[in-house]
Amino acid sequence: MLRLFLSEAVPIDYVEDRARRFIFTTRNNKDGVGKVHRTAPEMSYIMKEPICLISSDHEGRLCVQKEAKTILDEITQPVVVVSVVGLYRTGKSYLMNRLAGQQKGFALGSTIESKTKGIWMWCVPHPTKVEHTLVLLDTEGLGDVDKGDEKHDTWIFCLAVLLSSTLVYNSLGIIDNNALEKLHYVTELTKNIRVRAQRGADDNDSAEFMRVFPSFIWTVRDFTLELKKEGQPITANQYLESALVLKPGNSAKIEQINLPRRCLRNFFAERQCFVFPRPARDDDLRRMEELMETELDARFLQRAKEFCAYVFSSAKPKTVTGGRIVTGTVLGSLTEVYVEAISSGRIPCLENAVETLAQIQNGRAVEQGLQVYRSEVFKYLCLPLDPAELSDIHAQAEKKAVEVFISTSFNDTEQKSQLELMRQIQTEYEEMCRQNQDECVHMCRSKLECVFAPLEKSLNDGSFMQPGGYQDYRDTLKHLTKEYRQCTLTQLMSEEVLSQYLKEKEKFAKSILAADQCLSKAEREMEVEQLKREALEQKQKALAEQNRLQEQVFRDQQKTYEQHMNNLLERMEKEHERAREDNKRVMEAKLKEQEALLQQGFQEKAAQMQKEIKNLSQEMKKEGESERSTFSKVVDTVGTAAALFLPGIVPKVFGLGASLLSKMFR
C-alpha cells in the first residue's frame, strides 16, 4: 500500500472569540521562530491593536511597513476599508476606535501635538458582513504646523482616497467657507491621481473619479447649532448639501469659493453627514480613553452609535476599476504600488496599479491554487484506488483550488493564469493516475504470483510434459485464471496484467501441446486455433479496460473544464454587475446634481451636466451591448486553449455557466 501524507505543521494554539471566529496564534518551533497558520478556512486575521501601515523615512519619503503588509497578505477575504482624514487634534482616532468596538486602540492624545503619524491600520472581523474584514485606517492629522509639509499632507489625503471604500472627513464646529477652504486637498485630487494611463479627449474625469472614489462621510465634532433652516428642522445630510450649494457669480474669488464645493459634488457620488455634540467637559476630554460611557454626553453616544451603524451597513467592500473586489492581500500590494509611485515622483494611476497588481497576484494565485489542490489530494490519497474514487478526490480538490484561485487572482483578463492553473493541475492529476496504475499493476502482479504459484511449480518440474498433460495444463490454467479474476474483480489493470502473463505462457502451452502424444494432429490444430481465439478475447478484455480508463480521463477533463469555466463566468458576472452598479450610482448622482443646478439657477452648468449624462448613458449602453460578445469570446478562448492539454473536452459551457449566460442575455 502506498500512502501519501502532509508534512507536520509547527505546533499552533487557537482561541475563539465571542463572535465565534478563530484567532491566529503561534508557538515557536525548535529554532525559536514562530509561524502563522490558519486554523479555519473562513478565518480572517484579527489584530488586538493597530499598527503603522505607512510611515516616512529619515528623508521624508513614504514607505510601507513590512509587518502591516504581512498581516494584509494573510487576509484573503474581501475588505471594507474605512479611512478617516481631517485636521490634527479634531478627534479622528476616537471614531475609529468606536468602529473597532474598542475604548482604546488608535492613539487619542491630549495635547496640541498631532498624535498619529503616517497612516495606521487596524484589521477586525466585519461585525455584520460575513467573511469580510473591516480595515480601519487612521491618518496623520492634516495641517500640523510643526510638520509644515503641505505636499506630505496632500499625499496622505490622496492615499486615504485611493485605499478606502469609505472616506470619513472629520472637522470641528460647523461647515462653512472656512471649513471648506481647509478641505482644499479635495481640489488637488485631479492633479495627483489618474484613473487612466492615457486620457482621451472625450474622457469625463468626474464620472471616472466617481466610479472609483469612496463614499464620503463628513463628521462634524463639537457641533453646537440647531439643525434648522428658515425655521424648519433639517437633517444632517440636508445641512451638508446646503453647505455645498454653489455661490452665484463668475469672479475669480467666487470660483475659488466654489471649487471645493464642486469637487465634493462631482467626485463623491454618495455623501453623508453626522453632527456630534461635545462629548464631555473640557477637563474630561483629556482622558477620553478612560471615560466610561456613563460619563459621556448621551447625545454624543447616540450619534456615535448611529455613525457606526451606518458605516457597518452601508460601507461597501473595496473595489477597483471594472468592479474587481479587493482582498487584504490585494490591498497590501495596492498600497505598495501607490506608495512606490509617490516616492518615485510619479502620479499614482489606477489603471497602471491594476496591471501591476495583476502581475503580482496572478502568479501567486496559481501557486496557492496548486498548493490547495495538492493539500486536499494528499489528505485522502491512499493508492491504489478505483479510478472513480481517484476522480472524486481530484474533482473535490480541484474545486477548492479553483475557488482559491478565483478569490486570489486579479484582472486575469486573458485567462492566461487560469489556463496555467488548469494545465498544472491536469499534469499533477495525470501523474497521480500513472502512479495509481503502477501501484495497481504491482498489486495485481503480487496477487497473480500468489494465485499462479501452483502452475509455475508444475511447469518447472515438468509435470505437464506427459500424455494428457496438455488437458491438465488447460484445466489448471482455467481454474487459476478464474480464481485470479475473483481476487481482482474490481482492481484496475487486472486484465492487463493477466494478458501479459498469458502471453508469456503461450510458448509453454505450445510446447506442452506438441509433447502430448494423446492428441491427434487434427486435435492439436484445433487447440492451436482455440489458443488464438482466447488470446484475442483476452486482448479485447484488456483493451476494454484501457477504454474504460480513457473514458474516465475524458470525463475528468470535461469536469475540469466545466469547473473552471463556470467559476470564471460566475466571477465575470459578479464583476460586471458591480460595474453596472457603479455606473448606475454615478448616473443617479449626475441626474441629482443636474436637478440641483437647475433649481439653483446655474443653467449653463446644468447644460454641461446634461452632456456628461448623455455621454455616460452612451458609454453604459455600449458596455451592455459588448457584454455578450465578451463572455462568448472568453468561452471560445478558454475552450480552444484548454483543448491543447485537455483533448477530451467539449468546449462549451455547462451547468452554472450555461444558466448564467441564459440569465444574462435572455
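Two strands count as paired when DSSP finds at least two bridges between them. Keep that in mind as you walk through this predicted model.

**Stop 1: the whole protein**

Start with everything on screen. The protein has 666 residues, of which 47% count as buried, and it contains 20 helices and 16 strands. About 34,000 Å² is exposed, with carbon and sulfur atoms supplying 51% of that area. Among contacts with a separation of 6 or more, 74% link residues 24 or more positions apart.

**Stop 2: strand E9 and its partners**

Now select residues 166-172, which form strand E9. Six of its seven residues are buried, so the strand is largely enclosed by the rest of the structure. Add residues 79-86 to your selection: this is strand E6, which runs parallel to E9 and is joined to it by five bridges. Look for Ser 83, which stands opposite Leu 167 in E9.

Next, show residues 215-221, strand E10. Seven bridges pair E10 with E9, again in the parallel sense. Here you can find Asn 170 opposite Thr 219 in E10.

**Stop 3: the nonpolar cores**

Which residues have the most contacts inside the largest nonpolar core? Select Met 121, Phe 157, Leu 189, Trp 218 and Phe 307 to see them; the core has 99 residues. Helix H3, residues 150-163, gives the largest share of this core, with nine residues.

Zoom in on Leu 189. Leaving aside neighbours within four places in sequence, Leu 189 touches Phe 157, Cys 158, Val 161, Phe 209, Phe 213, Phe 267 and Phe 268.

A second core, separate from that one, has 24 residues; Val 451, Phe 464, Leu 498 and Leu 549 are among them.

**Stop 4: helix H17**

Leu 498 also leads you to helix H17, where it is one of the buried residues. Select residues 494-515 to show all 22 residues of this helix, which spans 31 Å from its first C-alpha to its last, close to the 32 Å expected at 1.5 Å a residue. Where is the kink in H17 centred? Go to Glu 506, where the bend is about 35°.

Other buried residues of H17 include Val 497, Tyr 501, Lys 505 and Ile 512. To see what the buried residues of this helix pack against, show helices H14 (416-451), H15 (453-461), H16 (469-487) and H18 (521-599).

**Stop 5: Pro 467**

Move to the loop between H15 and H16, where you will find Pro 467. Is Pro 467 buried or exposed? Its relative accessible area is 56%, so it counts as exposed. Beyond its neighbours within four places in sequence, Pro 467 is in contact with Asp 516 and Cys 518. Try a distance from Pro 467 to Leu 519 as well: they are 52 residues apart in sequence, but 8.4 Å apart in space, C-alpha to C-alpha.

**Stop 6: backbone details**

Most residues other than glycine have a negative phi, and most peptide bonds are trans. The last picks depart from that pattern.

- Select Leu 383 and Pro 384: the peptide bond joining them is cis, with omega near 5°. Pro 384 lies in the loop between strand E16 (382-383) and helix H13 (387-408).
- Select Glu 131, which has a positive phi, near 55°. Its loop connects strands E7 (119-125) and E8 (133-139), and at 47% relative accessibility Glu 131 is partly exposed.
- Select Glu 230, where phi is positive and near 55°. This residue sits in the loop between strands E11 (228-229) and E12 (232-233), and its 78% relative accessibility makes it exposed.

Technical notes. Residues numbered from 1 in each chain as written. Predicted model: local features only at pLDDT ≥ 70, side-chain atom pairs only at ≥ 80, totals over all residues. Heavy atoms only, no water. Buried < 20%, exposed > 50% of the residue type's maximum accessible area, 1.4 Å probe, protein only. Helix = DSSP H or I, 4+ residues; strand = E, 2+ residues; numbered from the N terminus. Contact = heavy atoms within 4.5 Å. Areas by Shrake-Rupley, 256 points an atom, 1.4 Å probe, with all protein chains shown as cover. Expected span 1.5 Å × (residues − 1). Bend = angle between axes of the 7 residues up to and from the residue. Core = buried A, V, L, I, M, F, W, Y, C linked by side-chain atoms within 4.5 Å.
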